[in-house]
Amino acid sequence: MSHPQTPGPRTRSAFASAFLSLLFPGLGHAYAGAYARALAFAAAPLLLLALVAGIVLRADRTDLVAFFAQATVLQALFIVNVGALIYRSIAAVDAWNVARFLNTRDASGGGRVGRARLSLSPVSVAGLLAVVLVMGGAHAALARYNLLALDLVQCVFNEDPDPSCESADASPSPGETLAPDGSQEPGTSAEPTQTDVPLPTPEGTGTTGTPAATLPPWDGKERLNVLMVGSDQRPGENTFNTDTLIVVSVDPTTGQVAMFQVPRDMADVPVPASARSVWGSVYQGKINSWYLQNRKRSDLWPGKSDSARGFAALKGLLGELYGLDIRYYVMVNFNGFRKVVNVLGGVQINVQIPVTESTYPVGQGALGRIYFGAGPQHMDGSEALIYARSRHNSLGGDFDRGRRQQRVLLSLREQMNAQAIIANLPALIDALKDSVKTDVKTRDLPKLLALAEGVDTKDIRSFVFAPPFYATEFPNSARGYIITPNVARIRSAVNGAFTVTPELLAQRDRLEAEGATVWVLNGSGHSTFGSTTSDYLAYQGLDASAPNQRVDARPPTTKIVVYNGAEADLTDSIAYLEKLYGVKATLATDPKIVTDIVITLGTDAPDLKIEAVG
């Protein structure tokens with residue numbers, strides 16, 4: 001007679017219990033049959049996940065970014081991550097032990113036949129160690145990105161210099177201007193001397209050029225102005241000048257953006273009221289030295305460090321010139337910029353004007369030849385940096401450089417994508433932390449990110465306040481080559497930047513790209529028509545001037561003559577002038593004429609007035 005076979009005791013895999021606990025605390029205990037213990041281990045993580053999910057679903061995305069950009073939050077997340085690793089490790093080990101205990105209990109008949117002794121399987125132990133190692137690796141990776149984000153926040157959103165933020169090959173911080181022997185580097189001004197005149201407090205003008213420390217918080221509705229500073233330094237140099245000064249102005253109601261830039265050689269810029277007792281009504285030095293001359297003036301500018309005071313001074317000076325309140329600054333080190341471009345795989349730039357230079361400094365006193373042909377080109381970081389910094393180009397020189405720098409920044413902004421950023425995040429953070437500094441407060445990031453999302457990069461208005469319309473050149477002054485601003489015209493352009501039509505801006509870009517030089521000879525019979533006409537044409541983008549040359553007769557109609565084969569490269573400029581005056585241009589050859597186009601105003605010449613701005 002056969003007896004029914006009694007089923008053997010249930011065997012639970014200790015490794016499976018530990019592995020399930022790796023997926024979520026409590027799963028391994030539930031698999032082993034310890035349901036009360038499973039609920040105890042799962043309760044805290046479930047409550048935490050519910051809380052986080054509720055916050056994420058209800059919070060705005062920009063608010064979340066700003067929240068996690070706080071240094072204290074990132075530090076707290078690091079502690080939470082370490083705590084979570086310890087908690088999950090305990091849960092995995094406990095689930096492993098519970099499975100083994102229950103297997104032992106079942107093998108001994110629930111304890112009725114004595115406790116069975118099961119051997120400790122090396123495979124099971126190895127499985128547990130593998131689970132703990134995998135778990136630790138995941139948390140270590142999360143901790144790494146946590147520390148990278150903390151490093152980025154502390155380096156970028158911190159005005160006080162931190163040596164740990166500087167890479168070995170980064171350019172010196174602003175203010176490191178001494179030559180290797182400790183003397184003043186040639187070409188830089190000495191620090192300002194003290195004066196017996198009572199020094200003012202940094203209260204600003206009240207309406208323009210107000211230091212940021214006295215400005216009320218930005219409400220997210222008024223026009224926002226941010227100063228972008230490019231620190232231009234070549235390898236082997238010890239000087240530091242703020243050669244690139246771009247003010248980005250954003251209208252939150254329309255999403256329109258304008259970029260204002262002055263040449264680095266501009267002098268006699270109006271000084272804010274807070275500093276006039278020291279510097280006078282205008283700063284007689286070049287604008288790219290203003291930072292260095294003011295970085296130690298705690299009596300004039302707010303800030304706890306040299307760099308903070310220097311950037312406050314820059315915001316004050318450019319704010320006074322433009323008639324704007326400049327709230328923030330962002331400083332970009334060009335060597336770090338090169339790294340960023342390389343990390344992102346390069347940048348596609350449409351070269352509008354060929355760039356050629358035979359004396360480009362390549363470091364250690366050596367000179368090299370560079371050339372960028374017209375048309376779309378893919379550039380790596382070094383090429384993009386050279387394209388942006390070259391200034392000895394025959395077709396525009398330092399003024400064209402300003403436009404090229406803006407073009408590079410906009411091209412990079414348009415081509416950045418989440419996939420490239422995420423794929424290269426560690427290298428990108430490493431490049432950014434030693435190349436970008438700002439006084440933007442992390443608490444202001446939600447409003448700034450929301451504003452950035454509404455910006456149309458295709459409709460950014462670009463202004464370079466260069467001669468002859470916005471400034472006057474003095475090549476051989478007692479101060480060397482300088483440019484002095486036409487403050488009224490610059491302020492008018494800034495004030496009405498968002499009223500200029502895109503068609504006018506596009507036309508100006510085309511005429512500026514051709515670089516036609518134009519002489520205006522006045523035969524109209526009106527003494528002022530020569531200068532007003534040249535000003536009008538300069539405003540439109542032509543390099544126009546009115547030389548003081550006599551016109552023997554007053555022609556009844558205006559004449560346009562194009563000299564020495566220039567017509568081949570000036571099709572847009574000639575077409576514009578022909579339409580403006582309603583006459584056909586004629587061609588001529590005369591080696592004595594050193595300009596491209598000569599306009600002789602006749603008695604029919606219109607009185608051209610600049611009605612628009614910009």
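## A walk through the model, starting at Gln-256

Select Gln-256 and Thr-254 to begin: their side chains make a polar contact with each other, at 3.2 Å. Keep in mind as you go that what you have open is a predicted model. Gln-256 sits in strand 3, which covers residues 256–261. Is Gln-256 buried or exposed? It counts as buried, because its relative accessibility is 16% and the cut-off for buried is under 20%.

**Zoom out for a moment**

Show the whole chain as a cartoon. You should find 19 helices and 19 strands. There are 614 residues here, and 47% of them count as buried. Now think about who touches whom: take the contacts between residues at least 6 apart in sequence, and 72% of those join residues at least 24 apart.

**Into the main core**

Nonpolar side chains in soluble globular proteins tend to be buried together. To see that here, select Leu-227, Phe-260, Met-266, Trp-290, Leu-318, Tyr-322 and Phe-465. Within the largest nonpolar core, which has 47 residues, these seven touch the most other members. Colour helix 9 (residues 306–322) next: it gives this core eight residues, the largest share.

Now centre on Met-266. Which residues is Met-266 in contact with, once neighbours within four places in sequence are left aside? The list runs Gly-285, Lys-286, Ile-287, Leu-321, Phe-465, Ala-471, Ile-483, Pro-485 and Ile-490.

While you're in this stretch of sequence, click on Asp-268, in the loop between strand 3 and strand 4 (269–270). Its backbone is worth a look: phi of Asp-268 is near 60°, a positive value in a residue other than glycine.

**The largest cavity**

Turn on a cavity display if your viewer has one. Rolling a probe the size of a water molecule over the atoms shows where empty space is left. This structure holds two cavities of 30 Å³ or more, and the largest has about 130 Å³ of space. To get to the middle of the largest cavity, select Thr-244, Val-332, Phe-334, Gln-405 and Leu-409, which are the closest to its centre among the 13 residues lining it.

Where does the lining come from? At least two residues each are supplied by strand 1 (224–231), strand 2 (242–251), helix 10 (334–343), helix 11 (381–389) and helix 12 (397–415). Colour the lining by residue type and you'll get ten nonpolar, three polar and no charged residues.

**Over to the second core**

Next, select Leu-511, Ile-560, Val-562 and Ile-574. They belong to a second, separate core of 24 residues. From Ile-560, step across to Val-583, which touches Thr-558, Ile-560 and Glu-578 when residues up to four places away in sequence are not counted. Val-583 is in the loop between helix 19 (571–581) and strand 18 (586–588). Try a distance label from Val-583 to Thr-557: C-alpha to C-alpha it reads 8.3 Å, although the two are 26 residues apart in sequence.

Then pick Asn-564, in the loop between strand 17 (559–563) and helix 19. Here is another positive phi in a residue other than glycine, near 55°. Asn-564 counts as partly exposed, because its relative accessibility is 35%.

**Last stop: helix 5**

Finish at Ala-84, in helix 5 (residues 71–107). With a relative accessible area of 29%, Ala-84 is partly exposed. Add His-139 to your selection: the two C-alpha atoms are 8.4 Å apart, with their positions 55 residues apart in sequence as the separation.

Terms used: Residues numbered from 1 in each chain as written. Predicted model: local features only at pLDDT ≥ 70, side-chain atom pairs only at ≥ 80, totals over all residues. Heavy atoms only, no water. 1 Å grid on protein atoms, 1.4 Å probe; cavity = no way out; pocket = protein on both sides within 12 Å on 5 of 7 lines; lining within 4 Å. Points joined across faces, edges and corners; volume = space filled by probe spheres on them. Helix = DSSP H or I, 4+ residues; strand = E, 2+ residues; numbered from the N terminus. Nonpolar A, V, L, I, M, F, W, Y, C, P; charged D, E, K, R; others polar. Core = buried A, V, L, I, M, F, W, Y, C linked by side-chain atoms within 4.5 Å. Buried < 20%, exposed > 50% of the residue type's maximum accessible area, 1.4 Å probe, protein only. Contact = heavy atoms within 4.5 Å. Polar contact = N/O pair within 3.5 Å; in protein donor to acceptor, adjacent residues only side chain to side chain.
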